[in-house]
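Have your viewer ready, and let's walk through this model one selection at a time.

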Amino acid sequence: MEFLLASAIGILMAVGIYLLLERRMLPVIVGLSFISYAVNLFLLAMGRLAIDKPPIIRPGVTDYTDPLPQALVLTAIVIAFGMTALIVVLGLRAYLETGSDAADVERTDMVREFGAGAHRDSR
Amino acid sequence: MNHWLVVPIILPAFAATALLIGARDNLSRQRSVGVVTVLALLVTSIVLLVRASDGPSSYAIGNWPAPFGIVLVLDRLSAMMVALTSCIALAAVLYAINGWDARGKHFHVLFQFQLVGINGAFLTGDIFNLFVCFEVMLIASYGLMLHGDGAWRLKAGFQYVTLNLIGSSLFLIAVGLIYAATGTLNLAHLAARLAVLAPGDVALLRTGALLLFAVFAIKSAIVPLHWWLPGTYGAASAPVAALFALLTKVGAYSILRLHSVAFSDDAAGVSTALSTLLMPAAVITLAVGAIGVLASRSMLELAAYSVIASMGTLLLAGAGLEPRQLAAALYYMLHSTLIGAALFLLVDVTAAGRGRAGDRLTPARRMPYAGAMGLLFLLAAVASAGLPPLSGFIGKLAILDSLRSTSMATIAWTVILTSSLLMIAGYARAGSTLFWATNDEAKAAVDAVSARPPLAPVAIVAVLIGLTAALSVFGGGAMTVLEATAREMATPSAYIDAVLRKTVSQVP
């Protein structure tokens, strides 16, 4: 059980890091998802591995599983889900506007405007 | 219970929700709600500052006692940071209502959510809640950074989001390790648990703690984790960049807070390891920042690298737990946040008057209001580089003085003084190019721009710089207060007692 979980976390993390190193947006997004899976499993394991144990105190039961890591994982899943949705939309918008899937920014692309509408009106 | 504690978090949360429901398409209503909320926050933070002078107090959310529930903790440090947030937020929101907020939708909603996250991070007494506040802060900052359009801004935003998602993953791993070793995530309870840590768990805890500090190092842009900052801050619109000047300080605050409360007595060797790692990193950060200021090709790069240099200076003093060092670091934190925000706003006002040249440090047509802008730039440069009489000088002096007796004194003094010289040279070069080097053929174009400087934005920059001057004039009083803050940080027992009260005896 320990070996199975540890190697699953390791493999997920390795896959995630490999994909992150691709310099295109879609692999980066998938890589981030893999890393968040690895982190969730890791958090679960940090409450010690216990199977078929109740998380809530009951009379007559001596062995429990720790409920806190499960609550943490739940929060982490929700946040990771929201973040993934955001970055997918962000990557999609960037792809549609620039026509490329590259994750790097060309310096020459950076055209900044200064001064907000108020000064622009007076031009 | 002191219900004021929860106001800095729920007030902007309610305001943001109300804006989202009630004023989706009504910009003037959004502006008034935004400004009024920030003003109310300012009042709240003053109340909190007064309350915090009586010593730390805690607020158990839902009345669940610590360490079972999540607590908010108010002490001098968190009250000071909340007050600083309110000041910067007021400047940023007033700047934004001059037109930046009309560039895209939901500026004020995102701005208020950003304040929820920042204030939450300053007030929380729990590591996992700190993670959640970081995420709230970051989600809002993604939206704010993308405010105003532009394809390259989307790509710069993509990089920023990716970096922070990796940072969040590391944060969670660190949280998991610390929980596995100690069984708690409450800062005060963690401090109590570290004293009775099983020898087998020491390595686990040290790994987790240092990983956590590495995450904060990403947020506070310490070399080698600083490279994201110039691109991100350069891509953000001016009022957002001014608010972002505060985000790096959230990282620095987290380092100081965790170091002083949870890991202060060096039970697992975390404090020693952190100090020995942080000191050289801060020295290199300062050097890289100063060289960046000297080498920058645009005003935005100049402002971004001066933020990096200020983080180096701050953490050079903040690496130890000596009260005098902490007081100096806190003074520099106040100073550098104000001047960082002022610089980003100043870049925007100045560059708006230079036509196509924008913020690039190249000769351009003569600015229509070069005198006023030049004076403000001079003052900002003086404050930022640490020349008398503005607060940068007092801050650096206090840091130099507090580092005098440490083992790193020679290196720290050399780097601080050399980097100040480099930054003066960088600012002088930038200023003379910006305000004096004009190319003749474009002089005729002066009439195309309004001859009067935009009054409200210039006034906001002037007030921010005026605040650093006030920090310098009332330097003695400020230092007395900050020394009390630093003493409170150096003796975390009051903080721990305020959080745990009597419940600690019932905790297994």
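Start by selecting residues 117-123 of chain A: pLDDT (the predictor's confidence in each residue, from 0 to 100) stays under 50 there, and the model has twelve contacts (heavy atoms within 4.5 Å) beyond four places in sequence for this stretch. Where pLDDT is low, the predicted coordinates should not be read in detail.

A word on ground rules: this is a predicted model, in which local features need pLDDT of at least 70 and side-chain atom pairs count only at pLDDT 80 or more, while totals for chains, interfaces and linings use all residues. Residues are numbered from 1 along each chain as written, chains are lettered from A and ligands numbered from 1 in written order, and side-chain values use heavy atoms, without hydrogens and water.

Now colour chain A by confidence. Its mean pLDDT is 84, with 87% of residues at 70 or more. Confidence in chain A is highest in helix α1 (residues 2-20), at a mean of 95, and lowest in helix α4 (residues 117-121), at 41; helices are DSSP runs of H or I, at least four residues, numbered from the N terminus.

Next, go to chain B and select F213(B) and F216(B). They sit three residues apart in helix α8 (residues 202-219) of chain B, so about one helical turn separates them. Both are buried (under 20% relative accessible area, with a 1.4 Å probe and protein chains only).

Finally, add F128(B), F131(B), F134(B), F171(B) and F263(B) to your selection: with F213(B) and F216(B), they form one aromatic cluster (ring centres of Phe, Tyr or Trp, using its six-membered ring, pair within 6.5 Å).

How values were computed
Helix = DSSP H or I, 4+ residues; strand = E, 2+ residues; numbered from the N terminus. Buried < 20%, exposed > 50% of the residue type's maximum accessible area, 1.4 Å probe, protein only. Phe/Tyr/Trp six-rings, centres within 6.5 Å; stacked < 30°, edge-to-face > 60°.
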